[in-house]
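Here's a friendly walk through a protein model, starting with the whole chain and ending at a single residue. Have a look at the sequence and the fold before reading on.

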Amino acid sequence: MPHATESTLPSGAAPADALGTSAARARSEVLEKQIRKEPGRFRVLTGDRPTGQLHLGHYFGTLHNRVRLQDLGVEMFVLIADYQVLTDRDVADNLTGHVEELVLDYLAVGIDPARATIFTHSAIPALNQLLLPFLSLVSVAELRRNPTVKDEITHSRQSSVSGLMFTYPVHQAADILFCKANLVPVGQDQLPHLELTRTVARRFNDRYGQGHSVFPEPEALLSRAPLLLGTDGGKMSKSRGNAVTLAADADETARLLRGAKTDSERHITYDPANRPEVSSLVLLAALCQDRSPHEVADDIGPAGAGALKKCVTEAVNEYLAPIRARRAQYAQDRGYLRQVLRQGNERANTIAEATRNEVRQAMNNHY
Ligand code: TRP
């Protein structure tokens, strides 16, 4: 799989170091080597908000990487963050449906419930209980400073900001620390939350650990995946109608990609800085075909945008065909989906209760 370097990111991306990205990237390279050497040393927690079906941006951004880590032998927890949906909206619409869609997407891409624990945080009382002591470890000023939360408040359509919006990063610390995960694969927007999680772990250990660590300080594994744009050239997002979902059929995929924004230059090149829309399409074809984007662009060259779109459509549909077939098969069996969640939640509950008991001991709640 070709990996993009910093310079291939679209020019609109956040300045590389605003969030400590370059240090995290360097550290991630070291971690990658350790994972290949000793996968058994790592426990990964990752997750998604259940707000809709996952799309190609999620796939090449994180899902593909989760399956890779799972297959390397890393222990995996996959969280469906159902409470976190309520940070920027009053009511979580069709929550059960969205949760089941996520489970379907996970199973379809190859997350294996025999090896990975798939769970919903609302079903894990002892995880949620950690929120109270954790909140006591952070200041209001720290919560206010979080750049990702600030950005989400700016883009929220709610008329007022809820308490959950400010405190969900602490809840996210509980998501990660309840199972003592030591590795969290993230995109750069999640780095402030991970930093807060490390702070919570450190302060808990200092205040209550009596010389030993109750919690590890988990590390970020920054995704090496390049950024794909939506078909309108903006951020890829289901709600903008500019994303090919894993669940879409071949015709829908063709329709969406046929309408993709390109530019007026006929000759196709791979030049993300100057031609973001065309380059994102080239990159998508390249990812699906496991080729370099330059090679794909050279092949199409003078044939122009029409040929590029045809090539991308075929590449995507071919790549997704087995994933879509598996997805359709699992969708027939809602009972199985519920069983996957029930088993995942049961396992997460056992682990959360053990951690919560340890926390109660450490905090002198001996009654
Ligand atoms: N904040 C993540 C997102 O919006 C979802 C999430 C919740 C998460 N808890 C987490 C991710 C813990 C990693 C670890 O996508």
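## Charges, fold and one residue

Let's start with the charges: the protein has 42 positive and 43 negative ones, and their mean positions sit 3 Å apart. Keep in mind that this is a predicted model.

Now for the fold. Going through the protein, you'll find 14 helices and five strands. The radius of gyration is 21 Å, close to the 21 Å that the globule rule gives for 367 residues, so the protein is as compact as a globular protein of that length. If you draw a box along the principal axes, the C-alpha atoms fill roughly 75 × 50 × 45 Å.

What about inside and outside? Of the 367 residues, 49% are buried. The protein exposes about 17100 Å², and carbon and sulfur atoms supply 50% of that area. Contacts tell you how the chain comes together: take those between residues at least 6 apart in sequence, and 78% of them join residues at least 24 apart.

Time to zoom in on Val44, which lies in strand E1, residues 43-48. Is Val44 buried or exposed? Its relative accessibility is 0%, so Val44 counts as buried. And which residues does Val44 touch, leaving out those up to four places away in sequence? They are Leu69, Val74, Glu75, Met76, Phe77, Ala181, Leu183 and Pro185. Look further along the chain, too: Ala220 is 176 residues away from Val44 in sequence, yet their C-alpha atoms are separated by 9.9 Å.

Notes:
Residues are numbered from 1 along each chain as its sequence is written. This is a predicted model: local features need pLDDT of at least 70, side-chain atom pairs count only at pLDDT 80 or more; totals for chains, interfaces and linings use all residues. Side-chain values use heavy atoms; hydrogens and water are left out. Helices (H or I, at least four residues) and strands (E, at least two) are DSSP runs, numbered from the N terminus. The radius of gyration is taken over C-alpha atoms; the globule rule is 2.2 Å times the number of residues to the power 0.38. Buried means under 20% relative accessible area, exposed over 50%, partly exposed in between (1.4 Å probe, protein chains only). Contact means heavy atoms within 4.5 Å. Accessible areas come from the Shrake-Rupley method with a 1.4 Å probe; for residues, only the protein chains shown count as cover. Lys and Arg count as positive and Asp and Glu as negative; His and the chain ends are not counted. The place of a charge is taken as NZ of Lys, CZ of Arg, CG of Asp or CD of Glu.
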